[in-house]
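Here is a quick briefing to read with the structure open beside you. It goes topic by topic, so feel free to jump around.

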Amino acid sequence: IAARSSAFITIPMNLIPNDGKEYFLKLEAFTKKEAPLVPKGHQVAMEQWQLNPEGERLLNATWTARELVDKTVNTERTPDAITLTGENFRIAFSTADGEMTELLYNRKNLIKEGLQPNFWRALTDNDVANNHLERCGIWKFAGKNAQLQSIDLKEDSNKQLATVTVNYKLEAQESTLQTVYQVRPNGAVKVSMHFVPGNKSLPEMPRLGMRMILPAEYDVMTWLGRGPQENYADRKTGYPIGLYTATVWEQFHPYVRAQETGNKTEVRWVALRNKAGEGLLITGEEPLNVSAWNFPLEDIDYVAFNTERRHGGSIMKKDMIWLNIDHRHMGVGGDNTWGAQVHPEYTITPHEWKYSFTLAPLAPEDDAAEQAHK
């Protein structure tokens, strides 16, 4: 096809099967000849289309009888904790703050800290320039300061499902938050977060999600979503949906000033595994925003001019994996760097929000993609 012209081409392909999986078509254009500054085989264009947009909705989220036969979830409540146990798993929650304190599979605890609501991101240079901290600062400690109102335990009569419901009040925001954990006999945990604002006028949310901390050994990250580089709501079309693997440390980009980094959009599932192949699988009920770091968010957040400034190259790897599992993450903007805010369609309005994802163990022999689809 000559420059400044168009043509119809036929792509030989079969009918898309109705099997509940997603299918994509990706077209790439490459240079055929070497030119000044442009080597032969250089990609000059790429586009990707989802061929069956309804594919992901065909997934059946119910558990089959074969998977659950002869397995049960046993429950115990003490003044200090709620504990759920089954074949090769133990999951515990603190009655003091409602957080998960143990996520044991095959006697190995996969968490250092459990899930906690999170509405904040480390400020980008654009955020600093447009007074994001002053405008949206009410969200910075909202998750950490959430006040526990109640924690309840329910189980069905045949012990096939145990549900822990945790209710919080966000006092400064005059809002409520509910987290529901549904545990099945195979140890899978469906987590649902429900945010409800009150009457107080609130600014946009930097992010809407949860974070957890895993031991440092689970540093091999594989995900089905956009990649391989970081991408955001308003900066993602150049990053095709695919299956990617990298270390957690490779997720971090050392910007001159340490700031938000490493997000992946439209993530169907993500797996964090150790060198032996053991680990944790997170599958979204709908596509997620996910990022993982070897340090806490505070290490890359904005520091005012009159105190220590952090250079991106000075960030050190720590004995942890900080994992963000988000429903939404605002865009990064970039129209300019002296005050332009993120376009409204890429921000997060604080109305009522709900989202869900499932945590499940991975053994060395497990195929993460198969387990996520299952």
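How many bridges join strand β4 to β5? Six of them do, and the two strands run antiparallel. Keep in mind as you look around that this is a predicted model. The notes below cover strands, charges, rings and a patch on the surface.

**Strands and sheets**

- Strands of a sheet pair through backbone hydrogen bonds, and they can do it in a parallel or an antiparallel way.
- β4 covers residues 81-86, and it belongs to an open sheet of five strands in the order β3-β4-β5-β6-β7.
- The pairing in that five-strand sheet is antiparallel.
- At the edges of the sheet you'll find β3 (74-77) and β7 (108-109), each of which pairs on one side only.
- For a single contact to look up, try Thr 85: its bridge partner in β5 is Arg 90.
- Elsewhere, strand β14 takes in residues 220-226 and is mostly covered, with five of its seven residues buried.
- β14 has strand β15 (residues 241-247) as an antiparallel partner, joined by seven bridges.
- Strand β16 (residues 264-273) also runs antiparallel to β14, and five bridges join these two.
- Met 221 is a handy place to see both pairings: it stands opposite Ala 246 in β15 and opposite Leu 272 in β16.

**Salt bridges**

- Side chains of opposite charge can pair when their charged atoms come close.
- The structure holds 19 salt bridges, and a few of them are picked out here.
- Arg 121 and Asp 127 make one of them, with 2.9 Å between the closest N and O atoms.
- Are Arg 121 and Asp 127 buried or exposed? Both of these residues are buried.
- Glu 285 and Lys 190 form another salt bridge, at 3.0 Å from N to O.
- Glu 285 sits in strand β17 (residues 279-293) and Lys 190 in strand β12 (residues 189-196), so this pair ties together parts that are 95 residues apart in sequence.
- Glu 285 counts as exposed because its relative accessibility is 53%, and the cut-off for exposed is over 50%.
- Lys 190 has a relative accessibility of 28%, so it counts as partly exposed.
- Arg 268 meets Glu 266 in a salt bridge of 3.9 Å, N to O.
- Arg 268 has a relative accessible area of 11%, which means it is buried.
- Those two residues, Arg 268 and Glu 266, also belong to a network of salt bridges that links them with Glu 22, Arg 226 and Lys 236.

**Aromatic rings**

- A pair of aromatic rings is described by the distance of the centres and the angle of the planes.
- There are 11 aromatic pairs in the count.
- In one of these pairs, the rings of Phe 93 and Tyr 181 have their centres 4.7 Å apart and their planes at 55°, so the pair is tilted.
- Phe 93 lies in strand β5 (residues 89-94) and Tyr 181 in strand β11 (residues 175-183), so the two rings tie together parts that are 88 residues apart in sequence.
- Both partners are out of sight: Phe 93 is buried with a relative accessible area of 0%, and Tyr 181 is buried with 2%.
- Tyr 355 and Phe 357 form a tilted pair too, at 5.6 Å centre to centre and 40° between the planes.
- Tyr 355 and Phe 357 are both buried.
- Ring pairs also build a cluster out of Trp 249, Phe 252, Trp 293, Phe 295 and Trp 322.

**Charges over rings**

- Which residue puts its charged end over the ring of Trp 322? That's Arg 211, 5.0 Å from the ring centre.
- Lys 264 does something of the kind with Trp 223: its charged end sits over the ring, 5.0 Å from the centre.

**A nonpolar patch on the surface**

- Ile 1, Ile 9, Ile 11, Met 13, Ile 16, Leu 27, Trp 49 and Leu 51 make a nonpolar surface patch of about 750 Å².
- Ile 9, one of the patch residues, lies in the segment before β1 (24-30).
- With a relative accessibility of 61%, Ile 9 counts as exposed.

Notes: Residues are numbered from 1 along each chain as its sequence is written. This is a predicted model: local features need pLDDT of at least 70, side-chain atom pairs count only at pLDDT 80 or more; totals for chains, interfaces and linings use all residues. Side-chain values use heavy atoms; hydrogens and water are left out. Patches are made of residues with over 30% relative accessible area and no salt bridge: like charges are joined within 9 Å, nonpolar side chains (Val, Leu, Ile, Met, Phe, Trp, Tyr) within 5 Å. Accessible areas come from the Shrake-Rupley method with a 1.4 Å probe; for residues, only the protein chains shown count as cover. A salt bridge is a side-chain nitrogen of Lys or Arg within 4 Å of a carboxyl oxygen of Asp or Glu. Helices (H or I, at least four residues) and strands (E, at least two) are DSSP runs, numbered from the N terminus. Buried means under 20% relative accessible area, exposed over 50%, partly exposed in between (1.4 Å probe, protein chains only). Rings of Phe, Tyr and Trp (its six-membered ring) pair if their centres lie within 6.5 Å; planes under 30 degrees apart count as stacked, over 60 as edge-to-face and the rest as tilted. A charge sits over a ring if NZ of Lys or CZ of Arg is within 6 Å of the ring centre and within 35 degrees of the ring normal. Two strands pair if DSSP finds at least two bridges between them.
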